[in-house]
Amino acid sequence: MNRLILLFSFVLIAVMAKAEKQFTLSSPSGKLQTKIAVGEKITYNILCNGQEVLSPSALSLSLENGEIWGENPKLAGSSTKSISQIIPAHFYRAKELQDVYNVLVLRFKKDWSLEFRAYDDGIAYRFVSNRKKPFTILNENVEYLFPADAVATVPYVRDGGTFDAQFFNSFENTYTTDKISNLDKKRLMFLPLVVEAGNGVKVCITESDLENYPGLYLSTTKGVNQLSGVFAPYPKQTVQGGHNQLQMLVKERENYIAKVDKQRSFPWRMAIVTTSDADLAASNLTYLLAAPSRLDDVSWIKPGKVAWEWWNDWNLDGVDFVTGVNNETYKAYVDFAAEEGIEYVILDEGWAVNLQADLLQVVKEIDLKEIIAYAKSKNVGIILWAGYHAFDRDMENVCRHYSEMGVKGFKVDFMDRDDQEMTAFNYRAAATCAKYKLLLDLHGTHKPAGLNRTYPNTLNFEGVHGLEQMKWSKNTVDQVTYDVTIPFIRQVAGPMDYTQGAMHNTSKGNYYPCYSEPMSQGTRCRQLALYVVLDSPINMLCDAPTNYRREQESADFIAKIPTVWDETIVLDGKMGEYIVTARRQGTTWYIGGMTNWTARDIEVDLSVLKGKGSKLTLFKDGVNAHRIGKDYKLETVQIKNGDKLKIHLAPGGGFAARLE
């Protein structure tokens with residue numbers, strides 16, 4: 001009897017092995033490898049230099065008609081190819097990028113397929129539908145199963161409560177680091193997030209090409225060592241409300257996550273895998289996987305810096321008028337921008353009549369045409385802030401009207417969702433703005449996820465716990481550590497509207513929240529370094545013009561730093577501890593570095609930078625920066641080939657340099 005059972009077991013295993021098809025896809029260098037199994041389910045794993053960093057994880061897509069793409073799939077064919085090309089990178093951290101990968105396409109009966117790509121720094125997959133008739137997606141099964149109880153660094157959504165309540169959030173939380181088993185099972189995590197897979201390998205999970213599809217959240221509710229996907233269901237009923245009646249609040253949701261009306265590909269599920277933290281911060285995979293630019297002409301798009309009035313609460317001292325939302329104040333900001341060669345001034349919330357959600361109603365305190373004309377005479381552009389609902393309800397008319405008036409772009413705020421309805425809005429806003437040659441800064445939104453490549457006029461995104469939080473955050477918020485974490489996590493997804501540039505800088509223990517005269521944690525040189533370390537093609541100067549004029553050396557240095565680059569090199573770094581980044585535009589290099597609250601001595605090898613720079617302008621922490629955050633020293637150094645730059649960073653400190 002036992003022999004019969006044993007024989008039956010061997011036959012069953014053989015049948016199962018025969019039924020399951022195995023595919024292996026390696027990255028161009030062979031560093032990464034994924035093994036895809038197609039049997040009763042479809043699973044894939046990831047190996048880095050032979051080490052399994054992701055265990056076999058299932059994937060599937062459930063349709064309303066009962067079909068499940070990924071369960072008992074009928075394979076119709078497969079194909080592979082290798083790609084090696086150079087692509088343009090408009091208004092990004094480099095002028096062009098190498099796009100080198102191997103691809104495997106698995107085609108299944110019933111008109112759907114799976115595409116896997118293997119890069120040397122990541123593995124990605126996506127579903128593709130060839131169906132021409134509309135259908136509805138109930139859910140997508142996304143799993144990340146790790147070989148052990150790994151340590152993860154994750155951003156939770158800001159508010160607790162039920163998962164449904166957590167779908168309304170601003171994507172601005174700080175990070176929690178803990179073992180997967182200890183993560184809060186009642187709170188959703190948004191992307192990107194990072195898992196330490198052992199032996200120095202980090203896995204950054206995010207997504208790209210997130211068009212007209214809900215964003216991916218992860219939770220720990222389905223198993224040990226596992227992160228499982230969660231999606232916001234499609235809104236069924238929304239009502240106007242929220243911040244100044246500028247949001248649409250979801251009161252009821254459907255039982256499905258997405259509607260599909262034509263042939264399409266779905267977002268890329270990405271695992272960026274690197275053996276050094278510097279390589280993680282340097283990854284361009286989100287951009288590479290995004291849909292190419294849909295704009296034939298990008299010559300009208302002008303990135304640059306913005307003099308911003310909201311963070312400093314419209315504060316100007318030494319003037320003979322009361323500052324606020326009025327012509328005199330905005331002309332003063334325009335004058336400052338013109339003096340420093342700053343490209344734009346923003347009119348943040350307050351220029352349109354409150355509680356009306358109507359961007360054609362301008363407050364009586366300002367003459368918008370006069371401000372725009374005055375700015376134009378000074379070669380400064382005007383950007384207008386807009387609440388989401390006010391912009392969405394009359395988008396075409398608003399864009400046409402203000403484009404004809406001479407406005408250069410919009411900063412749209414308070415979307416605070418990433419269900420299918422909202423991700424579709426972001427693309428529609430980008431396309432409409434492009435039609436009228438308007439820049440777009442998506443504040444109050446989720447991670448970029450590739451939109452900046454597809455619509456290059458969309459220059460910036462929030463989805464970050466930026467400096468604006470220092471107006472009200474408690475002393476317990478550690479912004480300094482956060483600053484040396486985001487280049488390895490959030491910035492991997494794309495540029496950030498972090499809004500740096502504070503001139504009131506505090507050493508550890510001296511910060512306190514102040515709404516009208518805000519300050520930063522860390523040193524002055526840290527604020528300067530943020531302009532080099534962070535990606536931000538349209539970048540705010542958050543402090544008041546009068547504060548910058550009192551700190552003219554710092555203001556002049558910031559004003560000259562470009563916002564887009566020909567080349568970027570992450571020279572060194574460790575997530576949560578420090579980072580050093582070098583960026584080149586033309587023949588000039590800018591180098592910026594920051595540390596956490598630990599003082600640090602670093603050495604920068606300048607020989608790795610291309611060109612023959614000889615004059616180095618260096619801002620470094622002063623000898624008393626550990627006590628007085630604004631203390632700094634400015635040096636001009638002559639550099640010879642092969643020189644190394646040795647710099648001491650104070651606690652919460654940094655440095656910024658220009659090599660020309």
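**Exercise 1.** Locate Thr 617 in the predicted model, and decide whether Thr 617 is buried or exposed.

*Solution.* Thr 617 has its place in strand 36, residues 615-621, where strands (E, at least two residues) and helices (H or I, at least four) are DSSP runs numbered from the N terminus. This is a predicted model, in which local features need pLDDT of at least 70 and side-chain atom pairs count only at pLDDT 80 or more, while totals for chains, interfaces and linings use all residues. Residues are numbered from 1 along each chain as its sequence is written, and side-chain values use heavy atoms, with hydrogens and water left out. With a relative accessible area of 8%, Thr 617 is buried (buried means under 20%, exposed over 50%, partly exposed in between, with a 1.4 Å probe and protein chains only).

**Exercise 2.** Find which residues Asp 535 and Glu 567 pair with in salt bridges.

*Solution.* A salt bridge is a side-chain nitrogen of Lys or Arg within 4 Å of a carboxyl oxygen of Asp or Glu. Asp 535 pairs with Arg 583, their closest N and O atoms being 2.7 Å apart. Arg 583 lies in strand 33 (residues 578-585) and Asp 535 in the loop between helix 12 (524-533) and strand 31 (538-541), so this pair ties together parts 48 residues apart in sequence. Both Arg 583 and Asp 535 are buried. Glu 567, in turn, forms a salt bridge with Arg 584, with 3.0 Å between the closest N and O atoms. Because Glu 567 belongs to strand 32 (residues 567-574) and Arg 584 to strand 33, the pair ties together parts that are 17 residues apart in sequence.
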